[in-house]
Amino acid sequence: MEAIMRNLFLTMAKSQTANRLAKRYGLRFGAQRFVAGESIQHAVETTKRLNEQGLKVTLDHLGESVYTRDEAAQAAADCIRTLDAISEAEQNMYLSIKLTQLGLDIDEGLCLDHVKKIVSRAAESGYFVRIDMEDYAHNEATFRLFHKLHADFPNQIGLAIQACLHKSKQDIAELGKKGVNVRLVKGAYKESPEVAFPDKADVDKQFIDLLEMHLTSGGFTAIATHDETVITHIKQFVTEQDIPKERYEFQMLYGIRTQLQLDLVKEGYPVRVYVPFGTDWYAYFMRRLAERPANVNFVLRSMFKK
Ligand code: FDA
């Protein structure tokens, strides 16, 4: 049943019609639990509150699967406005971006130009930009653009890698040699068994293997998970291997395992929260429901709340 629900939500995440309706009617159906609000102002306020609790932030100006040049240019301008707002407020954050929001499906060159502008602006204020990894169909193009950007901005740009993919072991071996800043995640998209492990147990195992590989390479590792078994294992691993706290951090999504985030901060671990905001919340919200179909209870409760 859980697998059916997961597939259903991941299929729903791709509906452009539902996305358009969601944008028009505003944050609904319990999405407020996972999305900080619709405006930059909401993002700034949330960042301030989290920073005060000892949590760092990465902001995601929500959006993906953009198919017009105007929308891609608008998304790039919004990312730059976000950087400006945050730099005025002097907050501890960086930016996470999705390449399909910035025109990857329209023209790779156009997308590269947009990302270059964003990263150049980030570099002026010493901020960092992370490229989220989207579905497998965009994996190769994402790597192509990442390598071009990394050549120009080695300290300003990083990538997310999904443990569910067979190819990720090879990718991590290569990124480790180059000392790339990697966020490791399990993977949130529906993929075919030809490219990804169908069984969660295999994903969980590869996740640990890749984390250990990257932690012992030259690159920075963002351990992006809410899985306490993994977190406990990695806490022990970094102690045994004597890996300094400057070389890694834990990352979790806004609205998920909030107490665990604060507990880790109390124990002295660096923790960063991924904070999405904006009107384009629908697909992101569907993926959060797919990860944990029990979240549907929030949807039902919010529908019947006055
Ligand atoms: P797992 O799914 O095993 O969950 C472990 C526990 O966490 C669950 O038992 C539950 O308690 C809690 N939990 C997990 N998801 C929950 C949810 N939605 N609601 C409530 N509780 C939940 N993916 C991707 O493909 N590309 C990317 O770029 C990113 N980026 C990214 C950044 C950050 C900071 C995080 C934390 C995650 C991502 N992801 C991602 C998503 C990632 O791939 C994965 O889908 C989720 O993190 C869920 O997997 P866990 O590692 O938490 O483990």
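This tour moves through a predicted model, one selection at a time.

**The ligand and its surroundings**

Begin by selecting the ligand. The shell around the ligand has 23 residues, of which D132, A160, V185, T225 and H226 come nearest. Next, colour strand 4 (157–162), strand 7 and helix 11 (282–291), the elements that give two or more residues to this shell. Which of the elements gives the most to the shell? Strand 7 does, with three residues. By class, the residues of the shell divide into ten nonpolar, six polar and seven charged.

**K186**

Move now to K186, which is placed in the loop between strand 5 and helix 8. Is K186 buried, exposed or partly exposed? It counts as partly exposed, because 19 C-beta neighbours lie inside 10 Å, while a residue needs 20 or more to be buried. Display the residues that K186 touches, leaving aside those up to four places away in sequence: Q162, A163, C164, V203, F207 and T225. T225 has already appeared among the residues that come nearest to the ligand. For a longer view, select G126 as well: K186 and G126 are 60 residues apart in sequence, and their C-alpha atoms are 29 Å apart in space.

**Helix 1 and helix 11**

Three helix pairs follow. Two packed helices are described by the angle between their axes and the distance between the axes.

Select helix 1 (residues 2–12) together with helix 11. Their axes come within 8 Å and cross at roughly 175 degrees. Helix 1 and helix 11 are therefore roughly antiparallel to each other, since angles over 145 degrees count as such. Show the side chains where the helices meet: R6, F9, L10 and M12 in helix 1, and M286, R287, L289 and A290 in helix 11. The residues of this contact divide into six nonpolar, no polar and two charged.

**Helix 7 and helix 8**

Select helix 7 (168–177) and helix 8 (residues 200–215). These two helices pack at an angle of about 10 degrees, with their axes 10 Å apart. That angle makes helix 7 roughly parallel to helix 8. The contact is formed by S168, K169, I172, A173 and G176 of helix 7 with Q206, L210, M213 and H214 of helix 8. How many nonpolar, polar and charged residues does this contact have? There are four nonpolar, four polar and one charged.

**G179**

Continue along the chain from helix 7 to G179, in the loop between helix 7 and strand 5 (182–185). G179 is partly exposed, with 14 other C-beta atoms within 10 Å. Select G218 and G219 too, as G179 touches both when residues up to four places away in sequence are not counted. G179 and G218 are 39 residues apart along the chain, yet their C-alpha atoms are separated by 4.7 Å.

**Helix 5 and helix 6**

The third pair is helix 5 (residues 108–124) and helix 6 (residues 139–152), whose axes come within 11 Å and cross at roughly 45 degrees. The two helices are therefore oblique to each other. The crossing of helix 5 past helix 6 is right-handed. On helix 5, the contact is made by E108, C111, L112, V115, K116 and V119, and on helix 6 by A141, L145, K148 and L149. These residues divide into seven nonpolar, no polar and three charged.

Stay on helix 5 and select R121. With 20 C-beta neighbours inside 10 Å, R121 counts as buried. R121 touches I80 and L83, again not counting residues up to four places away in sequence. From C-alpha to C-alpha, R121 and I80 are 7.0 Å apart, although 41 residues separate them in sequence.

**Two residues with positive phi**

Most residues other than glycine have a negative phi. The last two stops depart from that pattern. Select S65, in the loop between strand 1 (56–61) and helix 4 (69–88). S65 has a positive phi of about 50 degrees although it is not a glycine. It counts as partly exposed, with 19 C-beta neighbours inside 10 Å.

Finally, select D242, in the loop between helix 9 (228–240) and strand 7 (248–253). D242 is not a glycine either, and its phi is positive, about 60 degrees. Why is D242 classed as it is, buried or exposed? D242 is exposed because 6 other C-beta atoms lie within 10 Å, and 12 or fewer is the limit for that class.

Definitions and conventions: Residues numbered from 1 in each chain as written. Predicted model: local features only at pLDDT ≥ 70, side-chain atom pairs only at ≥ 80, totals over all residues. Helix = DSSP H or I, 4+ residues; strand = E, 2+ residues; numbered from the N terminus. Axes fitted to C-alpha atoms, helices over the stretch in contact; angles between N-to-C directions. Parallel < 35°, antiparallel > 145°, perpendicular 65-115°, else oblique. Left-handed = near helix turned anticlockwise from the far one by under 90°. Contact = placed C-beta atoms within 7 Å. Nonpolar A, V, L, I, M, F, W, Y, C, P; charged D, E, K, R; others polar. Near = placed C-beta within 6 Å.
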